[in-house]
Amino acid sequence: MLYWSRAVALGLILALAHFCTGCGSNNAGKIEGKWKIASGPGLTDGELQALEWLKATPYMEFKADGTVVSGLDARPDVIRSMEKHRKNLTQTQTGTYKLLSGNNVQLAGIGEVKGPSDGTAKAGRVAVVIGGDSMTLTAADGTLQLTRMK
């Protein structure tokens, strides 16, 4: 009888541990896909209007394997011309992301992402809120507004 109760207790502990890790993200199943950067720090309204006129789209793409890519969708001649003025905008960066509990997402390898200035989170940790085809990504140094690309 003692063996049976230990086995049940162990089973309950393992089940609880499974449900408490990795399953608490509000963004699971929603973040994957390609997102257009509609506004954010370092992008002026004039630059965004010029990009729209050129049919150039700054984006972030979150892949199911945990890879995130940040870059610019545009014709090659547009990218070559833009490199003369804003090279940092035309460079494609590939990094990783990890869904954490709640709205928290850990980003690495796509530039410097600062954690909250109050010291409550590590660098690279951002808050991501997704509602339909809109995403708000908030870090200590600003907020990005993104819309899902179709």
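**Lys34 is partly exposed, with a relative accessible area of 25%.** Here "buried" means under 20% relative accessible area, "exposed" means over 50%, and "partly exposed" is anything in between (1.4 Å probe, protein chains only). What you're looking at is a predicted model, where local features need a pLDDT of at least 70 and side-chain atom pairs count only at pLDDT 80 or more, while totals for chains, interfaces and linings use all residues. Residues are numbered from 1 along each chain as its sequence is written, and side-chain values use heavy atoms, with hydrogens and water left out. The side chain of Lys34 meets that of Asp73 in a salt bridge, 2.9 Å from N to O. Asp73 sits in strand S3 and Lys34 in strand S1, so the pair ties together parts that are 39 residues apart in sequence. (Helices, H or I with at least four residues, and strands, E with at least two, are DSSP runs numbered from the N terminus.) Like its partner, Asp73 is partly exposed, at 27% relative accessible area. For a salt bridge, a side-chain nitrogen of Lys or Arg has to be within 4 Å of a carboxyl oxygen of Asp or Glu.

**The strands close into a barrel, 8 of them, in the order S1-S2-S3-S4-S5-S6-S7-S8.** The pairing is antiparallel, and neighbouring strands of this sheet are turned by 35° against each other on average, direction ignored. Those angles come from axes, which are lines fitted to C-alpha atoms (for helices over the stretch in contact), and run from 0 to 180 degrees between N-to-C directions. Two strands pair if DSSP finds at least two bridges between them. For one such pair, take S1 (residues 33-39) and S2 (residues 57-62): they're antiparallel, with 4 bridges. Lys34 turns up again here, with Glu61 in S2 as its bridge partner. Over in S3 (residues 67-73) you'll find Leu72, which is buried at 6% relative accessible area. Leu72 and Pro58 are 14 residues apart in sequence, yet their C-alpha atoms are 4.3 Å apart in space.

**Strand S6 shows its side chains in alternation.** Val126, Val128 and Ile130 point to one face and are buried. Arg125, Ala127, Val129 and Gly131 point to the other and are not. S6 is joined to the antiparallel S5 (residues 104-108) by 3 bridges, and Val105 has Val126 in S6 as its bridge partner. On to S7: 5 bridges join S6 to this strand, again antiparallel. Gly131 stands opposite Ser134 in S7. The two strands form a hairpin with 2 residues between them, and Gly132 in the turn has a positive phi of about 65°.

**Asn27 is buried in a loop, with a relative accessible area of 1%.** The loop in question runs between helix H1 (2-20) and S1. Which residues does Asn27 contact, leaving aside its neighbours within four places in sequence? The list is Leu99, Gly102, Asn103, Val105, Val128 and Ile130, where a contact means heavy atoms within 4.5 Å.

**Asp133, Arg148 and Lys150 are linked in a network of salt bridges.** Side chains of opposite charge can pair when their charged atoms come close. Asp133 and Lys150 have their closest N and O atoms 2.6 Å apart. Asp133 lies in the loop between S6 (125-131) and S7 (134-139), and Lys150 in the segment after S8 (142-148), so the pair ties together parts that are 17 residues apart in sequence. Asp133 is partly exposed at 34%, whereas Lys150 is exposed at 86%. Elsewhere, Arg75 forms a salt bridge with Asp77, at 3.1 Å between the closest N and O atoms. Arg75 is partly exposed at 48% relative accessibility, and so is Asp77 at 37%. A search of the whole structure finds 4 salt bridges.

**How far to trust the picture: the mean pLDDT of the chain is 79, and 73% of its residues reach 70 or more.** Over residues 7-21 the pLDDT drops below 50, and beyond near neighbours in sequence this stretch has 1 contact in the model. Residues 116-121 are also below 50, with 5 contacts beyond near neighbours. pLDDT is the predictor's confidence in each residue, from 0 to 100. Where it's low, the predicted coordinates shouldn't be read in detail. Across the chain there are 4 helices and 8 strands, and 29% of the 150 residues count as buried.
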